[in-house]
Amino acid sequence: MAEGATAVAGAVKPRRELDRAVVRFAGDSGDGMQLTGEQFTAESAWAGNDVATLPNFPAEIRAPAGTLFGVSSFQLQFGSQRVYTPGDRLDCLVAMNPAALKVHLGDLKPGGLLIVNTSAFDKRNLDKAGYPSNPVDDPTLGERYRLHNVDMTALTHEALKDLLLNTKEKDRCKNFFALGVVSWIYTRPLEPTLEWIGKRFAKSPTLADANTRVLKAGHAFGETAEIFGEHYTIEPAQMAPGLYRAMTGNRALAWGLLAAAERSKLPIVYGAYPITPASGILEELAMHKRFRIRTIQAEDEIAAVTAAIGASFGGAIGVTGSSGPGIALKGEAIGLAVMAELPLVVFNIQRGGPSTGLPTKTEQADLMQALYGRNSESPVVVLAPATPGDCFFVAYEALRVAVKYMVPVIVLSDGFLANGSEPWLIPDVSTLPPIDVEFRTDLEGFFPYLRDPATLARPWVRPGTAGLEHRIGGIEKQDVTGNISYDPDNHDHMVRTRAEKVRRVAQEIPPTTVNGPAGGEVLVVGWGGTFGSITAAAERAQSEGLSVAAVHLRYLNPLPPDLGHILRQYRRVLVPEINSGQLVRVLRAEYLVDAVGFNRVRGLPLSSDEIHHAINQLLGST
Amino acid sequence: MSTTGAGPAATPKYTKKDFESDQDVRWCPGCGDYAILSAIQKSMPDLGVPREDIVFISGIGCSSRFPYYMNTYGFHTIHGRAPAIATGLRLARPDLTVFLVTGDGDGLSIGGNHMLHVLRRNVDVTILLFNNRIYGLTKGQYSPTSELGKVTKSTPMGAADRPVNPLAFALGSGAAFVARTVDRNIPHMEAMLKRAAMHRGASFLEILQNCPVYNDLAWNVIYEKESKLQYELRLEHGKPLIFGPPDDRRAVIMDGVVPKVVKARDVQESALWVHDETNANAAKLLADLFAPDFPVPVGVLYAVDAPIYEDLLLEQEQRAISERGPGDIGKLLTSGDTWRI
């Protein structure tokens with residue numbers, strides 16, 4: 001943490017002002033770490049800080065208690081300046097059990113704050129974590145870190161001693177003790193959490209009382225116990241003025257669709273089969289039937305996408321969402337939408353793979369799948385959001401382009417964006433570009449594969465329009481008439497036409513934003529959820545006087561028309577990705593530039609440290 | 001076509017020709033699909049549905065070329081997925097009349113899962129399953145309805161998998177309308193097509209169909225004059241299960257819980273099995289009857305009203321709108337926990 005050491009006068013204990021901090025709550029899957037992290041996030045947002053979060057949890061719903069693989073964690077960075085990432089190294093780690101300590105201690109900065117729930121450090125849990133002896137008894141731990149042993153279970157029980165709750169119910173409150181302690185340490189307002197408790201336990205006043213008491217007991221413990229020497233404040237961030245809310249990527253994708261449904265005045269049919277980490281979109285949309293969003297929990301991934309295609313054929317907007325394994329199953333159907341030239345939006349919330357891979361972890365390895373993962377020449381538009389809040393705009397844009405060009409659009413989000421949240425400046429929806437759909441009703445000169453001269457889109461006809469009855473399908477069509485055609489030259493023409501149609505979507509792409517000098521030594525090119533890490537790394541390099549700029553691509557197919565020119569303004573091009581080098585290959589192939597990749601595939605976001613290091617290495621190697 | 005009545009909203013009076021598209025029909029000479037196409041085109045005017053409100057959806061296979069030959073809206077999709085396409089279409093456009101044309105391979109093998117779910121959800125589509133017990137378009141491999149031991153190009157020593165019974169499959173999936181007809185019995189086929197089309201909800205019509213090239217006369221038991229006389233059991237609601245030539249009338253009766261064929265004259269009227277289209281258990285027993293031990297039932301096995309998927313979902317939508325008003329994205333974005341900077 002950057003320590004601007006100004007003591008705040010009047011505080012009982014010395015209070016120092018920081019410009020940012022990185023905190024991680026870690027415990028057993030059943031310890032409520034996700035909730036604790038979310039509430040701490042809400043408190044920080046309420047305090048006016050910029051925030052970025054990283055939930056990280058096991059795929060097992062209730063992994064065996066106390067095990068290393070059952071550890072669940074929630075990390076966030078909050079600051080008085082723009083915060084682009086959840087942070088690399090931790091300023092503060094809360095370890096609710098030995099397994100959490102073992103898994104996460106390595107990420108804590110030397111001298112960092114380590115808060116340990118000693119009540120969980122019994123023989124059984126130590127054995128499960130593989131500790132031969134109790135690590136908190138090892139004096140070197142306290143020398144390396146600012147270690148605070150807190151018997152949270154006992155303190156929680158003490159706070160609840162006169163309440164009629166059983167031991168298990170009391171135990172379950174201890175995460176709010178931890179939240180109270182850390183809230184005191186970083187001077188967080190408790191109001192958002194108290195409000196949440198009131199709502200969540202509206203029907204069980206005893207539990208509301210219990211959680212409130214424990215939260216406040218934790219907070220008071222920080223204030224009064226002798227162990228914490230000081231605590232911290234973080235001033236509100238200088239953010240664009242306006243109304244903000246916390247936004248996760250999955251919710252933003254869903255709400256982007258709602259906005260598009262409202263603006264286009266068309267119903268949306270969303271077909272999905274439950275899959276991590278995409279299921280949240282289906283669940284969110286199912287709550288908003290008033291927007292004429294019709295959700296189908298389909299029998300499988302193929303039914304999910306084909307139901308969406310059937311809806312598009314009917315003149316609604318078909319959308320489907322999944323993760324990589326499901327997208328693999330949808331491939332043939334996406335090809336049908338390419339061939340039938342119907343609008344279709346496909347969300348891919350990427351996760352670690354191949355196969356089942358790492359269902360709850362993030363990855364960016366489905367770019368090639370999106371671009372090329374279907375039989376034959378099957379071009380589609382590919383977009384990627386950069387932040388959780390950006391998912392709203394990208395979902396809207398995907399839909400707008402899909403109906404304008406009569407083309408499938410794949411949106412590549414990822415597990416990090418899906419579950420991560422950021423304070424999001426609520427947009428004025430009237431500023432969103434219009435989505436004007438005109439169904440063909442004119443009988444004069446109608447053919448199903450007539451083309452708009454600007455977009456090459458064929459006419460969209462709603463069944464029910466008298467006189468325009470026609471048939472479409474997956475067999476190659478003669479251009480214009482739409483009749484089945486096996487003619488070799490027609491096929492070649494249609495292959496080129498489908499590609500050209502996607503290429504023309506480049507008309508929709510605004511000039512590329514370059515973060516940094518318009519030319520120089522290194523250009524860092526990224527896409528998707530790595531935006532924060534890349535921006536932080538590039539800005540740090542810039543502040544060190546290095547000639548570094550960054551470009552983040554929203555459009556991956558087609559690529560921005562000005563990208564080739566931009567790439568040539570720098571001596572070296574670095575492409576950090578959470579895959580083995582996919583965009584870098586596209587750029588090399590497309591522009592004949594000697595771009596190099598920086599690739600880590602660990603199921604985690606790239607850290608800005610490692611990208612910064614890669615920038616320096618590239619500068620040093622030239 | 002000519003329009004009846006004065007108002008513009010009146011459904012035009014169509015003829016068969018109004019449903020013929022301008023495309024050349026490309027099935028093999030003698031294919032049973034020709035008779036089915038003709039019967040469907042001929043039945044359409046009687047449905048009273050404007051032509052532009054009719055959609056034919058198909059998957060892949062010989063039968064799936066069907067939409068190209070109908071002068072309605074049509075979508076020839078991908079193998080096995082027509083039920084899911086139709087589900088999405090119905091949810092988007094409950095005002096349309098949707099037909100689904102499929103075959104034994106498309107509907108019961110690659111698309112078996114979708115068939116199960118479109119039936120259990122009771123989506124309002126009319127499903128026409130052309131069963132010729134063979135793969136035609138891929139040139140003669142066995143299908144999921146081919147008999148055990150069937151010798152085909154892909155099973156030179158005989159098929160080792162037992163066939164699925166489409167009617168039993170449909171009933172087991174929870175279908176609320178299940179019927180069977182035969183491509184060589186045009187009046188019956190037309191009657192069944194209309195019944196299936198008029199039924200609200202998923203209606204499943206198996207059409208026994210001949211593939212003259214790869215599986216000729218697979219249904220000969222119900223084609224050949226003498227054999228047909230012996231084995232065809234016409235199901236009619238309220239009528240007893242009696243079949244066979246005039247001089248040898250036989251009856252299907254229940255012997256305990258097992259169907260049994262007996263001479264009709266030996267059975268007292270009270271012991272006859274009277275067909276009841278609303279009896280699910282009886283329908284399941286009927287679905288399993290086949291020659292040579294039993295007759296071949298044709299007609300409506302089962303027809304009841306059941307809740308329709310898209311009706312229920314759209315009712316929910318209407319309820320949400322009437323209770324809380326239409327969606328307003330501006331309001332949604334600013335709802336819940338927000339803060340001002």
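This is a tour of a predicted two-chain model, stop by stop, with something to select at each one.

Before you click, residues count from 1 along each chain as its sequence is written, chains are lettered from A and ligands numbered from 1 in the order in which they are written, and side-chain values use heavy atoms, with hydrogens and water left out. Since the model is predicted, local features need pLDDT of at least 70, side-chain atom pairs count only at pLDDT 80 or more, and totals for chains, interfaces and linings use all residues.

**Stop 1: chain B as a whole**

Show chain B as a cartoon and you should find 11 helices and 16 strands. Both are DSSP runs numbered from the N terminus: helices are H or I with at least four residues, strands are E with at least two. The C-alpha atoms of chain B fill a box of roughly 90 × 55 × 50 Å along the principal axes. Of its 341 residues, 55% are buried. Here buried means under 20% relative accessible area, exposed means over 50%, and partly exposed is in between (1.4 Å probe, protein chains only). The areas themselves come from the Shrake-Rupley method.

Now pick B:L193 in helix α6 (residues 186-198) of chain B. With a relative accessible area of 5%, B:L193 is buried. Add B:A39: the two C-alpha atoms are separated by 8.3 Å, although the residues are 154 apart along the chain.

**Stop 2: aromatic rings**

Stay in chain B and select B:W27, B:Y34, B:F56, B:F66, B:Y69, B:F99 and B:F130, a cluster linked by ring pairs. Rings of Phe, Tyr and Trp (its six-membered ring) pair if their centres lie within 6.5 Å; planes under 30 degrees apart count as stacked, over 60 as edge-to-face and the rest as tilted. Over all chains, that rule gives 26 aromatic pairs.

For one of them, go to A:F177 and A:F221: the ring centres are 5.7 Å apart and the planes sit at 55°, so this pair is tilted. A:F177 belongs to helix α7 (residues 174-185) of chain A and A:F221 to helix α9 (residues 205-224) of chain A, 44 residues apart. Both A:F177 and A:F221 are buried.

Next, try A:F393 and A:W424, with centres 6.0 Å apart and planes at 55°, so tilted again. A:F393 is in helix α15 (residues 390-405) of chain A and A:W424 in strand β17 (residues 421-425) of chain A, so the pair ties together parts 31 residues apart in sequence. Colour by accessibility here: A:F393 is partly exposed at 27%, while A:W424 is buried at 5%.

**Stop 3: salt bridges**

There are 49 salt bridges over all chains, each a side-chain nitrogen of Lys or Arg within 4 Å of a carboxyl oxygen of Asp or Glu. Start with A:D31 and A:K174, whose closest N and O atoms are 3.4 Å apart. A:D31 is in the loop between β3 (20-28) and α1 (33-46) of chain A, and A:K174 is in helix α7 of chain A, 143 residues away. A:D31 and A:K174 are both buried.

Then select A:D91 and A:K109, which meet at 2.8 Å, N to O. A:D91 lies in strand β6 (residues 90-95) and A:K109 in strand β7 (residues 108-117), both of chain A, so the bridge ties together parts 18 residues apart in sequence. A:D91 is buried at 3%, but A:K109 is partly exposed at 25%.

Back in chain B, look up B:R90, B:D124, B:R200, B:E310 and B:D311, which salt bridges link into a network.

**Stop 4: backbone oddities**

Turn on the backbone of chain A. A cis peptide bond joins A:T276 and A:P277, with omega about 0°; A:P277 is in the loop between β11 (268-272) and α11 (279-286) of chain A. Another cis bond joins A:N557 and A:P558, with omega about -5°.

Finish at A:T187, a residue other than glycine with a positive phi, near 50°. A:T187 sits in the loop between α7 and α8 of chain A and is partly exposed, at 27%. A:R292 also has a positive phi, near 60°, in the loop between α11 and β12 (293-297) of chain A.
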